[in-house]
Amino acid sequence: MKIGIRLVLMSCCTPCSAGAIKQLHDGEFPEVDDFVVLFYNPNIFPETEYQKRLAEQIKYCESLGTKYAVGDYNHKEWLAAVNGLGNEPERGARCSECFKHRFKFAQNWAIQNGYNTIASVFGVSKHKDQNQVDACAISEIQKLTYLPAKWDNSLKQKINQESNFYRQNYCGCEFSFRKV
Ligand code: SF4
């Protein structure tokens, strides 16, 4: 019997993930048997901002009846992972370490919870570099499959226009304040 895709979709926030979640929810990827949205973002600072993005993510997933999971919030550990890279520009070396840190967690979480494939929406923002995200995922996800999905940008924009999502004006970490 062929084993289908059991996908962990990593999400950074609702504005970026809404389109991808809707596509998966609507069955646009028939090879995906099951999926869960994983919110693991210890990069977000301060914690009050983290809680706002998390609350919005939960609200959206629950509105669709989509499964979700939440990783721990250990910002000190994340800071250690990007140590010395605070002055890097967005899309630079700090962001690579940030992506890898989160993909590493996702791989372990997926294995522990019976999923076999990982995808993300980390590259959908116009401020991000999809090639950088894909390269970080491929280097970190060695035990499972990485799905370099290209999400429907026009659907994402449409849902955002029709919704009133909480929307931040910086990527997430303290080093990205006023830089996006
Ligand atoms: S700018 Fe965004 S992707 Fe880059 S290190 Fe900060 S939180 Fe991570």
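**Exercise 1.** Does arginine 91 count as buried, exposed or partly exposed, going by its C-beta neighbours inside 10 Å?

*Solution.* Keep in mind from the start that the model is a predicted one.
- Step 1: locate the residue. Arginine 91 sits in the loop between H3 and H4.
- Step 2: take the neighbour count, which is 15 C-beta atoms inside 10 Å.
- Step 3: compare with the cut-offs. A residue is buried at 20 or more and exposed at 12 or fewer, with partly exposed in between.
- Step 4: conclude. With its 15 neighbours, arginine 91 therefore counts as partly exposed.

While you are there, look at the backbone: phi of arginine 91 is near 80°, a positive value in a residue other than glycine.

**Exercise 2.** Find proline 89 and decide whether it is buried or exposed.

*Solution.*
- Step 1: go to the loop between helix H3 (75–81) and helix H4 (93–112), where proline 89 lies.
- Step 2: use the neighbour count. Proline 89 has 11 C-beta neighbours inside 10 Å, so it counts as exposed.
- Step 3: look across to phenylalanine 175. The two residues are 86 apart along the chain, and their C-alpha atoms are separated by 8.7 Å.

**Exercise 3.** Describe the chain as a whole, starting with the order of its elements.

*Solution.*
- Step 1: count the elements. The chain holds 6 helices and 5 strands.
- Step 2: read them from the N terminus, which gives β-α-β-α-β-α-α-β-α-β-α.
- Step 3: judge compactness. The radius of gyration is 15 Å, close to the 16 Å that the globule rule gives for 180 residues, so the chain is as compact as a globular protein of that length.
- Step 4: add the outer dimensions. Along the principal axes, the C-alpha atoms fill a box of roughly 50 × 40 × 25 Å.
- Step 5: turn to burial and contacts. Of the 180 residues, 37% count as buried. Among contacts between residues at least 6 apart in sequence, 76% join residues at least 24 apart.

**Exercise 4.** Work out how helix H1 (residues 14–25) is placed against helix H6 (residues 153–162).

*Solution.*
- Step 1: take the axes. They come within 8 Å and cross at roughly 115°.
- Step 2: name the arrangement. The range for roughly perpendicular is 65 to 115 degrees, and H1 and H6 are therefore roughly perpendicular to each other.
- Step 3: give the handedness, which is right-handed for H1 passing H6.
- Step 4: list the partners. From H1 come Pro15, Ala18, Gly19, Lys22 and Gln23, which meet Leu155, Lys156, Ile159 and Asn160 of H6.
- Step 5: sort these residues by class. The contact has 4 nonpolar, 3 polar and 2 charged residues.

**Exercise 5.** Now do the task again for H1 and helix H2 (residues 47–64).

*Solution.*
- Step 1: the axes come within 11 Å and cross at roughly 20°.
- Step 2: angles under 35 degrees count as roughly parallel, and H1 and H2 are therefore roughly parallel to each other.
- Step 3: H1 passes H2 in a crossing that is right-handed.
- Step 4: H1 brings Thr14, Ala18, Ile21 and His25 to the contact, while H2 brings Glu56, Gln57, Tyr60, Cys61 and Leu64.
- Step 5: by class, the contact of H1 with H2 has 5 nonpolar, 3 polar and 1 charged.

**Exercise 6.** Is the peptide bond from phenylalanine 45 to proline 46 cis or trans?

*Solution.*
- Step 1: find proline 46 in the loop between strand S2 (32–39) and H2.
- Step 2: check omega. It is near 0° for this bond, and the bond is cis.

How values were computed. Residues are numbered from 1 along each chain as its sequence is written. This is a predicted model: local features need pLDDT of at least 70, side-chain atom pairs count only at pLDDT 80 or more; totals for chains, interfaces and linings use all residues. Helices (H or I, at least four residues) and strands (E, at least two) are DSSP runs, numbered from the N terminus. The radius of gyration is taken over C-alpha atoms; the globule rule is 2.2 Å times the number of residues to the power 0.38. Two residues are in contact if their C-beta atoms, placed from the backbone, lie within 7 Å. Axes are lines fitted to C-alpha atoms, for helices over the stretch in contact, and angles run from 0 to 180 degrees between N-to-C directions. Angles under 35 degrees count as roughly parallel, over 145 as roughly antiparallel, 65 to 115 as roughly perpendicular and the rest as oblique. A crossing is left-handed if the near helix is turned anticlockwise from the far one by less than a right angle, and right-handed if clockwise. Ala, Val, Leu, Ile, Met, Phe, Trp, Tyr, Cys and Pro count as nonpolar, Asp, Glu, Lys and Arg as charged, and the others, Gly among them, as polar.
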